[in-house]
Amino acid sequence: ELWTTSRVIESDDGLLFGLKNTCGEGDADYLYARGIVSLVGTVFIVIALLALGEYQRKLSVEFDERNATATDFSIEIKNPPKDAVDADEWRAYLEKVAATYLKKNGTDALGGDGAPVTPRDTHVTCLTVALNNQKLTDTLIARRKVKKGLMDVLETVDDNALNSLIAKASQSIDSAGLEKAAKSKMAKLLKLDGKIKELQEKTYDAKRIFVSFETEIGQRAVLTALSVSRIAISKNKKEALDDESYLFRGKVMDAEEPPEPLTVRWHDLGVPKKEKKLKRFAASIISILVVMGAFLLVRHVFLTYGAGVSALFIAILNILTPLVCRGITAIEIHSDEGGKQASHSIKVLGLRCVNSAVIIHLVTPFTWSLTNGEHLIKAVAAIFVAEMFTAPIVQALFIPGIIKMHIIAPRCKHQEGMNQCFTGARWELGERYTNMMKVLFLCFFFSALFPGAFALSALLLLIHFEMDKFCLMRVWARAPMLGGDVAEQNRSYIVPGLLV
């Protein structure tokens, strides 16, 4: 009786409602065909995305082998003894590990094609001992900022003259003949100099060791020799190593290939793990609160002003989302820029997906899904159209850059400050990935109800690609080499998650 083709229901007020079930016998073949088409389309998308991911992975390996960087010659020791700060001791240990391994195994297993081992293969070229001296680096950074402010006030870029003035003021600040603003900054600078001298006298513990060999053979030899399980490292199982000479002061070392040198966040290497976890937990709580706030805002706009205005509001919110997430990610502690970018992209993607798809789905009454007027499909189509124009136009206008180049730069007091106004816009690799993932999520989420989402998504991705290519060449500043953290995260976790 519940599933009859049609029926009439009388309400308590005496009104009659006619209901028709579209799943009757005459519609069965049509619905079955639509189901098969949807299933085939889903299978095709899954196969295509998996093939694309594998193709990207092969390209990344090929690109890495074709372009040698410092990472290909380097290793990172992540668990050095606290008092092991002598660079010569580390150099001797690592050269001994490389020599011992190569003497036992040769170069065949390391890509050396059976070539004889040479002294270059075991030679350590560069070695850096990273200390937990973040308070000292904080003070040095603060001093540099105060010194730059002093140079702006004095309208000078002559570093030697400024150093002479600082030396004179250190004897007697009144004898330097400075005005009130310059005198205040000079006092701050001298105070920081005193603090730096105190911090330099302290003893700091070793946190990380970064080593670069002269050849890739040396790097691969050490990585292979010290390759053991995480359990063996944490429990210091010496028997896990093939030779006792691989131990450093009787301890199993945790060695791996480091991130690119420009991406290492030296200031954060010495932060305790407890503080890192606490700050990441705080950032997660703030992210959840931001998502809840965005939900309430979009819900209010959608129910008050309709689909068209809410789509424009969502597009604007998606533009502002990276700025908000950038501030949240700044709370966290990361040892390298790649990890920070990966965390940042997760937050941006989560918030953008919630803004673009989940909120609209939740706030739209079920009976509005396919009805005339302010229905769900109209809202989704409006979001696609708004994303096609709003973000690319704002990105192309580059308003902050125009202000800096045409308003701030002519009023700078020295050449260095003016040059900084022409460095280009800052951009985040993780944000560019989230732009693509957001479009895919919106497409997959509503594809069953709105098959036209595939065509709109293809057009939207093409527009974003062309605009990003233009900005990469003409607008954005050069970014450091980040490695493959963000790309691997998207290939291995986010894209499969979107399909599910």
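1. Let us start with a yardstick: a residue counts as buried under 20% relative accessible area, as exposed over 50%, and as partly exposed in between. Trp266 has a relative accessible area of 43%, so this residue is partly exposed. Please keep in mind while reading that the model is predicted.

2. Now to the ring partner of Trp266. The ring centres of Phe210 and Trp266 are 5.0 Å apart. Planes over 60 degrees apart count as edge-to-face, and the planes here stand at 70°, so that is the label for this pair. Phe210, with a relative accessible area of 10%, is buried, whereas Trp266 is partly exposed.

3. Where do these two residues sit? Phe210 belongs to strand S5, and Trp266 to the loop between S6 and helix H8 (273-305). With their positions 56 residues apart, the pair links distant parts of the chain.

4. Strand S5 leads us to the sheet. This is an open sheet of four strands, ordered S4-S5-S3-S6, with antiparallel pairing. Which strands stand at its edges? They are S4 (124-131) and S6 (255-256); each has a single partner strand, so one side of each is left without a neighbour in the sheet.

5. A closer look at S4 and its partner is worthwhile. S4 and strand S5 (residues 206-213) run antiparallel and are joined by seven bridges. For Leu127, the bridge partner in S5 is Val211.

6. Two helices deserve a mention alongside the sheet. Helix H2 (residues 87-105) packs on it and touches strand S3 (74-77), S4 and S5, with a direction at about 130° to that of S4. Helix H6 (residues 216-225) lies across S3, S5 and S6, and runs at about 30° to S3.

7. Back to the aromatic rings: how many aromatic pairs does the structure hold? The count is seven, and the pair of Phe210 and Trp266 described above is edge-to-face. For Phe441 and Phe445, the ring centres are 5.4 Å apart and the planes are at 35°, so this pair is tilted.

8. Phe441 and Phe445 share a helix, H14 (residues 429-446), where they lie four residues apart, about one turn of the helix. Is each of them buried or partly exposed, and what are the values behind that? Phe441 counts as buried at 17% relative accessibility, while Phe445 counts as partly exposed at 34%.

9. One last item for your tour of the rings: Trp90, Tyr93 and Phe248 form one aromatic cluster.

Terms used: Residues are numbered from 1 along each chain as its sequence is written. This is a predicted model: local features need pLDDT of at least 70, side-chain atom pairs count only at pLDDT 80 or more; totals for chains, interfaces and linings use all residues. Side-chain values use heavy atoms; hydrogens and water are left out. Two strands pair if DSSP finds at least two bridges between them. Contact means heavy atoms within 4.5 Å. Axes are lines fitted to C-alpha atoms, for helices over the stretch in contact, and angles run from 0 to 180 degrees between N-to-C directions. Rings of Phe, Tyr and Trp (its six-membered ring) pair if their centres lie within 6.5 Å; planes under 30 degrees apart count as stacked, over 60 as edge-to-face and the rest as tilted. Buried means under 20% relative accessible area, exposed over 50%, partly exposed in between (1.4 Å probe, protein chains only).
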